[in-house]
Amino acid sequence: MRCLAVLAAYALALVGVLMGAGALSEAVFEGAFPSMETVLERRGDLARDRFGALAGGDLSNCLVVVFDSGGRRLYASSREAAEKIRASDLDVIGDASDGLFYEVFEEPAGDGVLHRVMLCGYDAEDDSKVVSSWCVLDESLRVVEGPLFSGRGSLTPREFGLIKGVYDGRMSISRLDYENDGGDPRTLVLAAPIVSDAGYARVADVASRLWLLAVPLVLLLTAAAALALGRLVRRSARPLDRAIAACRDADARGGAGPIESSRAAGVPAELAVVYDNFRDLMSRLRAARDDQRRMVASVSHDLKTPLTVIRGYAQALCEGLVPPDRVDAYHRVIHERALAAADLLEEFSAYARMEHPEHPLELVRADVRDLVTASVDEARPLAEQRGCPLETSVGTRGLPALVDEALLRRLLLNLVGNAVEHNPSGTRVRVSCAAEGGRVRVVVADSGVGIPPDLAPHVFEPFVTENAARSTDGGTGLGLTIARRAAELMGGSVGLSTTPEAPWVTEFVVDLPLDAG
């Protein structure tokens, strides 16, 4: 909003400069070429007979004389005006108040020239020119024809010049009849300089110079507006700069203090969205960094035990400290621990691959019943070894869906494996699937010990296990995280049921989109 205010102020100032230059230019033209319109701007003073208002200013180069109804001179702008403009000239001077004016045309006549003089006006209805009266003058300015000036016989060269509107070869002349506030008739005569081509060119040059003077002002205003906008932008971006610097310092110190809200930081409304997006991005980056640190710590922790055993047993074998009858047992332990370490690395690798945004999928249309049956059969040996009966219920109706078979297999094996490995012998495990509301629902339930209430909201978070001092036997805490990610990649979801039906204590529900086509 502050930037808009600066732009609005700049626009107003620019308009003001341009209008000022235009007004000055117009004033130059009006001052150089005054007319009866210039006199009428002083209409209030004329009505009060304040003739001093006619002196100087735009009329300084004009001759102005005011007469009363009896021909008595009431005002003359100068001695020259008083001497050269007389009351007897009024009847041959065009009347600007009535819109009457003279037109003079020259017509060839034998060896001489005749002057046709017409007193003209404009029709009130259609603005067409109307001739009120006329006459014809010969070369000696005698009236030879027409009613206009019929009582005078002839005109003097001076009067003929006044009729043509040209006074003394340098000025145009016109009169204005009006009444003052007291109702007294007045006649004002104005002789103004004639507009010549050379004079107009000089005035136009002066006016153009005024416009050139406006250019530096426009440039100055533009520079000031740009400077103000730059300062506003820098000031508006300071909270974001401070937040970035705070995050950089926190990372350098190994901490992660909270970033204050846009309102608390004083961020302008226009940048609040950018600031909030930055806060969200930094939160995500910190979460990803924490996950990465936790993953490295977990890998180190979970690999430490098998590698320590492998190193100790291998060293004992190398130094000949193992009795001959125990060598095979040592070899079996080393082999088992190596397999456990390899399984851990495979699980960490799968988690890292599935978290990548460009994880490849091989979606095929398959019957989920077949995939569930195959996964249960694969997990059955482990269930039997643990003493956990494993049941299935897949129905008879086909359940087609677009799935990645490898991902779905890993998802189901993780859920079934958790149910088998984290419950005592004799725990029943049941896997079922059915169609519900355009979805394929796969349910893995068990009758075991259940999940502690404080752990239930976090079971799908990475590296969360029931055993805080996790070992290779306790798992990595990634099984359910991988299951959830696998479901999401296939457009589905997996969740922990809060109200499983008896006899089931723990129930995981997998939803996948049904492929009816």
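**Loops, an aromatic pair and packed helices**

Asp49 comes out as partly exposed, its relative accessible area being 26%. That value, like everything else here, comes from a predicted model. Asp49 sits in the loop between α3 and β1, and its backbone is a bit unusual: phi is near 60 degrees, a positive value in a residue other than glycine. For context, most residues other than glycine have a negative phi, and most peptide bonds are trans.

A further positive phi turns up at Leu141, at about 65 degrees, although this residue is not a glycine either. Leu141 belongs to the loop between β5 (129-137) and β6 (143-145). Is Leu141 buried or exposed? Its relative accessibility is 9%, so Leu141 counts as buried, the cut-off being under 20%. A cis peptide bond also appears, running from Ala502 to Pro503 with omega near 10 degrees. Pro503 is placed in the loop between β15 (493-496) and β16 (506-513).

Stepping back to the whole chain, the secondary structure adds up to twelve helices and 16 strands. Of the 517 residues in the protein chain, 36% are buried. Among contacts with a separation of 6 or more, 59% involve residues 24 or more positions apart.

The loop that holds Asp49 also supplies one half of an aromatic pair, Phe51. The structure has four such pairs; in this one, Phe51 and Tyr75 are stacked, with 5.9 Å from centre to centre and 25 degrees between the planes. The pair ties together distant parts of the chain, since Phe51 is in the loop between α3 (43-47) and β1 (63-68) while Tyr75 is in strand β2 (residues 73-76), 24 residues apart. Both partners are tucked away: Phe51 counts as buried at 10% relative accessibility, and Tyr75 is buried with a relative accessible area of 15%.

Next come the helices. Two packed helices are described by the angle between their axes and the distance between the axes. For helix α10 (residues 368-386) and helix α11 (residues 405-421), the axes come within 9 Å and cross at roughly 30 degrees. The two are therefore roughly parallel to each other, as angles under 35 degrees count that way. The crossing of α10 past α11 is right-handed. On the α10 side, the residues in contact include Leu371, Val372, Leu382 and Arg386, and on the α11 side they include Glu405, Leu408, Leu412 and Val416. Sorted by class, the contact of α10 with α11 has ten nonpolar, one polar and five charged residues.

Helix α11 also packs with helix α12 (residues 479-489), at an angle of about 150 degrees and with the axes 9 Å apart. Here α11 passes α12 in a left-handed crossing. From α11, Leu407, Arg410, Leu411, Asn414, Leu415 and Asn418 take part, and from α12, Gly479, Leu480, Ile482, Ala483, Ala486, Ala487 and Leu489. By class, the contact of α11 with α12 comprises nine nonpolar, three polar and one charged residues.

What does Leu489 of α12 touch? Leaving aside residues up to four places away in sequence, Leu489 contacts Met354, His359, Leu361 and Leu407, with Leu407 belonging to α11. The C-alpha atoms of Leu489 and Glu355 are separated by 9.8 Å, although the two are 134 residues apart along the chain. With a relative accessible area of 18%, Leu489 is buried.

Technical notes. Residues are numbered from 1 along each chain as its sequence is written. This is a predicted model: local features need pLDDT of at least 70, side-chain atom pairs count only at pLDDT 80 or more; totals for chains, interfaces and linings use all residues. Side-chain values use heavy atoms; hydrogens and water are left out. Axes are lines fitted to C-alpha atoms, for helices over the stretch in contact, and angles run from 0 to 180 degrees between N-to-C directions. Helices (H or I, at least four residues) and strands (E, at least two) are DSSP runs, numbered from the N terminus. Angles under 35 degrees count as roughly parallel, over 145 as roughly antiparallel, 65 to 115 as roughly perpendicular and the rest as oblique. A crossing is left-handed if the near helix is turned anticlockwise from the far one by less than a right angle, and right-handed if clockwise. Contact means heavy atoms within 4.5 Å. Ala, Val, Leu, Ile, Met, Phe, Trp, Tyr, Cys and Pro count as nonpolar, Asp, Glu, Lys and Arg as charged, and the others, Gly among them, as polar. Rings of Phe, Tyr and Trp (its six-membered ring) pair if their centres lie within 6.5 Å; planes under 30 degrees apart count as stacked, over 60 as edge-to-face and the rest as tilted. Buried means under 20% relative accessible area, exposed over 50%, partly exposed in between (1.4 Å probe, protein chains only).
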